[in-house]
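Q: Please take a close look at one part of this model. Show me how that part sits among its neighbours, and begin with any term I need.

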Amino acid sequence: MEPRGLRADAERNRERILEAAREVFAEQGLQASTNEVARRAGVGVATLFRRFPSRDDLVGAVFADKMRAYVDAVDTALAEVDAWQGFCGYIERMCEMQAEDRGFADVLILTFPTAKALEADRNRAFDGLGELIARAKATGRLREDFVHQDVPLILMANAGVVTATRNAAPDAWRRIVGYLVQSFAAEAARPLPPPPARTQVIRALMGETRHRLMVISASSRSSSTRVWAALPSLSVSACSTSCGLTSAKDGMGWSWAPLPAFFCCSTAAA
């Protein structure tokens with residue numbers, strides 16, 4: 001049996017690692033290295049991996065509270081008397097959470113299959129979102145062609161804007177989200193390209209995760225320490241790059257197309 005003093009020391013190390021990881025991921029995203037997390041925590045890299053054997057373990061522990069807040073945002077929107085306002089408020093709050101924490105922006109557009117609690121909360125949020133979309137459409141104010149698959153596209157686009165403007169114009173995401181929310185209104189509706197299938201969206205999210213893990217693996221082979229790192233994904237065109245749809249290349253083809261069309265709707269209606 002582990003001595004009580006040793007257990008207490010191990011728990012202190014765990015809390016220091018979590019606190020350091022929250023700071024580092026918020027600043028640098030999930031590409032942050034384990035060396036930096038360990039350095040800020042004041043522990044060795046080996047200690048970090050004893051406490052959190054896999055990347056998913058650390059991410060799941062660090063973002064558990066934020067993911068629960070993400071679920072709460074859906075519940076709050078569903079409780080809104082005006083379903084359209086609830087929907088708009090949810091989109092804005094979701095994007096705000098991405099802007100507040102660079103690491104969480106990554107979490108929302110990646111998948112972590114072994115972080116069961118994290119994925120369960122994500123699934124709960126998306127189930128609630130389906131109900132929210134249906135209610136907003138029932139008011140006649142949300143355009144009829146808005147589908148569940150559009151939400152991951154919004155998240156991917158906002159993540160790109162947040163990353164690109166974080167230092168120079170940290171509130172720029174609010175204008176882009178404002179444009180998008182206006183374009184979702186039924187009175188602004190114009191014909192759109194078809195959305196990606198749900199299976200394509202899932203493949204895209206899995207593909208982005210797989211891409212980053214390949215970079216992580218390459219880093220670990222070329223270094224004496226394991227590093228969580230990610231290179232920018234190749235985008236399908238200048239338009240997809242400007243929208244931040246870095247996941248579109250793997251599995252989604254040209255599925256970024258609805259977003260420029262949404263923008264056209266909102267600017268035409270202005």
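A: Contact means that heavy atoms lie within 4.5 Å of each other. Keep that in mind, and start with the whole chain. This is a predicted model. The protein chain has 13 helices and zero strands. Written as a pattern along the sequence, it reads α-α-α-α-α-α-α-α-α-α-α-α-α. The chain has 270 residues, and 48% of them count as buried. Now look at contacts in the chain between residues at least 6 apart in sequence. Of these, 73% join residues at least 24 apart.

Our part is helix α6, which spans residues 83-100. We will take its neighbours in turn.

Begin with helix α5, residues 64-79. The axes of α5 and α6 come within 8 Å, and they cross at roughly 165°. Angles over 145 degrees count as roughly antiparallel, so α5 is roughly antiparallel to α6. The crossing of α5 past α6 is right-handed. Which residues meet here? On the α5 side they are Lys66, Ala69, Tyr70, Ala73, Val74 and Ala77. On the α6 side they are Gly86, Tyr90, Arg93, Met94 and Met97.

Next comes helix α8, residues 116-138. It packs with α6 at an angle of about 135°, and the two axes are 8 Å apart. That angle makes α6 and α8 oblique to each other. α6 passes α8 in a left-handed crossing. From α6, the contact uses Ala83, Trp84, Gly86, Phe87 and Tyr90. From α8, it uses Leu129, Leu132, Ile133, Arg135 and Ala136. Gly86 and Tyr90 of α6 appear here, and they also appear in the meeting with α5.

How do the two neighbours of α6 sit against each other? α5 and α8 pack at an angle of about 15°, with axes 9 Å apart. Angles under 35 degrees count as roughly parallel, and therefore α5 and α8 are roughly parallel to each other. Their crossing is left-handed. Many residues make the contact. Those of α5 include Ala64, Met67, Arg68, Tyr70 and Val71. Those of α8 include Leu118, Asp121, Phe126, Leu129 and Leu132. Note Tyr70 of α5: it takes part in the contact with α8, and it also meets α6. Val74 and Ala77 of α5 likewise belong to the contact with α8 and to the meeting with α6. From α8, Leu129, Leu132 and Arg135 help make the contact with α5, and they help make the one with α6 too.

Now zoom in on one residue of α6. Arginine 93 lies in this helix. Is it buried, exposed or partly exposed? Its relative accessibility is 31%, so it counts as partly exposed. Setting aside residues up to four places away in sequence, arginine 93 touches Ala73 and Glu100. Its side chain also makes a polar contact of 3.0 Å with the side chain of glutamate 96. Valine 74 is 19 residues from arginine 93 in sequence, and their C-alpha atoms are 9.5 Å apart.

What about cysteines? Cysteine 88 has a relative accessible area of 8%, so it is buried. Cysteine 95 is buried as well, at 0%. A disulfide is a pair of cysteine sulfur atoms within 2.5 Å. The structure holds zero of them.

A few other places in the chain help to set the scene. In helix α2, residues 34-41, the buried residues include Thr34, Val37 and Ala41. Glycine 42 comes just after α2 and takes a positive phi of about 75°.

Helix α3 covers residues 45-51, and arginine 51 is found in it. Arginine 51 is partly exposed, with a relative accessible area of 30%. Leaving aside neighbours within four places in sequence, arginine 51 is in contact with Ala10, Arg14 and Ile17. Its C-alpha is 8.2 Å from that of asparagine 13, which is 38 residues away along the chain.

Last, move to helix α10, residues 172-183, where serine 183 has its place. Serine 183 has a relative accessible area of 0%, so it is buried. A polar atom of its side chain lies 2.6 Å from the backbone oxygen of leucine 180.

Back to our part, then. α6 meets α5 in a roughly antiparallel arrangement, and it lies oblique to α8.

Methods:
Residues numbered from 1 in each chain as written. Predicted model: local features only at pLDDT ≥ 70, side-chain atom pairs only at ≥ 80, totals over all residues. Heavy atoms only, no water. Buried < 20%, exposed > 50% of the residue type's maximum accessible area, 1.4 Å probe, protein only. Helix = DSSP H or I, 4+ residues; strand = E, 2+ residues; numbered from the N terminus. Polar contact = N/O pair within 3.5 Å; in protein donor to acceptor, adjacent residues only side chain to side chain. Axes fitted to C-alpha atoms, helices over the stretch in contact; angles between N-to-C directions. Parallel < 35°, antiparallel > 145°, perpendicular 65-115°, else oblique. Left-handed = near helix turned anticlockwise from the far one by under 90°.
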